[in-house]
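Biologist: I'm new to this one. Could you walk me through how to read it?

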Amino acid sequence: MPAAEADGLVAALEAGAVAGAQCEVVELDGMAPASQRARFADGWDGGVTAVSEALVGIADREWSRPRRPVGGGL
């Protein structure tokens with residue numbers, strides 16, 4: 001596999017892992033723990049949104065981050 005192709009694969013895997021985490025976080029919207037729902041309802045959903053947006057930013061940053069060449073080349 002050419003180094004550039006390997007580098008692209010690594011970038012895709014990193015961004016994909018973060019995107020997968022973001023998908024799991026989004027599913028928590030409206031899912032405050034039943035025992036604390038009244039206490040956390042408004043803040044819970046706001047927190048889910050904030051974390052989801054942060055994870056999207058991380059995935060985007062990982063995908064576009066410059067990478068060192070694979071294989072020891074300088």
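Biologist: How much area does the protein expose, and what share of it do carbon and sulfur atoms supply?

Modeller: The protein exposes about 5,400 Å², with 63% supplied by carbon and sulfur atoms; areas like this come from the Shrake-Rupley method with a 1.4 Å probe. Keep in mind that this is a predicted model, where local features need pLDDT of at least 70, side-chain atom pairs count only at pLDDT 80 or more, and totals for chains, interfaces and linings use all residues. Residues are numbered from 1 along each chain as its sequence is written, and side-chain values use heavy atoms, leaving out hydrogens and water.

Biologist: How many helices and strands are there?

Modeller: Helices are DSSP runs of H or I with at least four residues, and strands are E runs of at least two. Here you get 2 helices and 0 strands.

Biologist: Which residues form the largest nonpolar core?

Modeller: In soluble globular proteins, nonpolar side chains tend to be buried together. A nonpolar core is a set of buried Ala, Val, Leu, Ile, Met, Phe, Trp, Tyr and Cys residues joined through side-chain atoms within 4.5 Å, and buried means under 20% relative accessible area. The largest one here holds Val18, Val25, Val48, Leu55 and Ala59. Helices H1 (3-26) and H2 each give two or more residues to this core, and H2 has the largest share, 3 residues.

Biologist: Is Ser52 buried or exposed?

Modeller: Ser52 counts as buried because its relative accessibility is 9%. Ser52 lies in helix H2 (residues 37-64), and its side chain makes a polar contact with the side chain of Gln22 at 2.6 Å; for such a pair, N or O atoms must be within 3.5 Å, one able to donate a hydrogen and the other to accept it.

Definitions and conventions
Buried < 20%, exposed > 50% of the residue type's maximum accessible area, 1.4 Å probe, protein only.
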